[in-house]
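Q: Please walk me through the structure below, a piece at a time and in plain words.

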Amino acid sequence: MAKNRPSSGQVRIIAGQWRSRRLPIQDLEGLRPTTDRVRETLFNWLAGDLVGARILDCFGGSGALCLESLSRYASYAKVFELQASAAQQLKENLNTLKCSSDVAEVIKGDTLALLTVAPTEAFDIVYIDPPFRKELAEKTITLLAQNSWLKENAQIYVETESELVHLNVPSDWVQLKEKKAGQVTYRLYQYQP
């Protein structure tokens, strides 16, 4: 009998002000929350850079990356999510955690369309964790670079299917880290114009 194993309908916040909180997530096709193990590695990579950071989560899904960032004192998170029910669940979870709209904003819409318009203020950390095998990662990377979404020295996390061996990124993105976990490859870049 497995103990302390979260149901498939929950996401657990690992650390920070909401440590160990479990929040409901929608059981939707293509929704795969970043595993605890991968998140622990990612947030170890970002540890010194989260406090006060402006976060952009390009494919919100369960909200695991956004929620973990806010728990670790990021100052603001903007989340894009295409599926209405996932976006609504994320809004409810943020409300449960008493996050006001000036701290976290969930926008229901197509990420590629939303990224065509430059933001009023660029971001410190960007998460790109799209549905697998839909060729969304590189299109997202291109739009981020073209439309001024990144502050100088911004860090960009990209999570893809492992069979995507080579990822085309702009020449001013320096790869800092890369790891594999099962069928997932995840990388951390820094924008150095």
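Q: Is Lys-151 buried, exposed or partly exposed?
A: Lys-151 is partly exposed, because its relative accessible area is 27%, where buried means under 20%, exposed means over 50%, and partly exposed is anything in between (1.4 Å probe, protein chains only). Please keep in mind that this is a predicted model, in which local features need pLDDT of at least 70 and side-chain atom pairs count only at pLDDT 80 or more, while totals for chains, interfaces and linings use all residues. Residues are numbered from 1 along each chain as its sequence is written, and side-chain values use heavy atoms, with hydrogens and water left out.

Q: OK, and what does Lys-151 form with Glu-121?
A: The two form a salt bridge, with their closest N and O atoms 3.8 Å apart; the term stands for a side-chain nitrogen of Lys or Arg within 4 Å of a carboxyl oxygen of Asp or Glu. This pair links distant parts of the chain, 30 residues apart, since Lys-151 is in strand β7 (residues 150-161) and Glu-121 is in the loop between α4 (111-114) and β6 (123-128). Helices (H or I, at least four residues) and strands (E, at least two) are DSSP runs, numbered from the N terminus.

Q: How accessible is Glu-121 then?
A: Glu-121 also counts as partly exposed, because its relative accessibility is 39%.

Q: Which residues are linked with Lys-151 in a network of salt bridges?
A: The network joins Lys-151 to Arg-54, Glu-121 and Asp-124. Arg-54 is found in strand β3, and Arg-54 counts as buried because its relative accessible area is 13%.

Q: What does Arg-54 touch, leaving out residues up to four places away in sequence?
A: Its contacts (heavy atoms within 4.5 Å) include Ser-75, Tyr-76, Ala-122, Phe-123 and Ile-125, and the network members Glu-121, Asp-124 and Lys-151 are on the list as well.

Q: How many salt bridges are there by this rule?
A: The count comes to 8. One of them joins the side chains of Arg-72 and Glu-68, at 2.9 Å from N to O, and both Arg-72 and Glu-68 are buried. In another, the side chains of Arg-133 and Glu-163 meet at 2.6 Å, N to O. Arg-133 lies in the loop between β6 and α5 (137-146), whereas Glu-163 lies in the loop between β7 and β8 (173-181), so this pair ties together parts that are 30 residues apart in sequence.

Q: Switching topic: in what order do the strands form the sheet?
A: The order is β5-β4-β3-β6-β7-β9-β8, which makes an open sheet of 7 strands with mixed pairing; two strands pair if DSSP finds at least two bridges between them. At the edges are β5 (104-108) and β8, each of which pairs on one side only.

Q: In what sense do β7 and β9 pair?
A: Strand β9 (residues 184-191) and β7 pair in the antiparallel sense, over 7 bridges, and Val-158 stands opposite Arg-187 in β9. Helix α1 (residues 36-45) packs on this sheet, where it touches β6, β7, β8 and β9. Helix α5 packs on the sheet as well, and α5 touches β3 (54-57), β6, β7 and β8.

Q: Last one: are Trp-173 and Tyr-189 buried or exposed?
A: Trp-173 and Tyr-189 are both buried. Trp-173 belongs to strand β8 and Tyr-189 to strand β9.

Technical notes
Axes fitted to C-alpha atoms, helices over the stretch in contact; angles between N-to-C directions.
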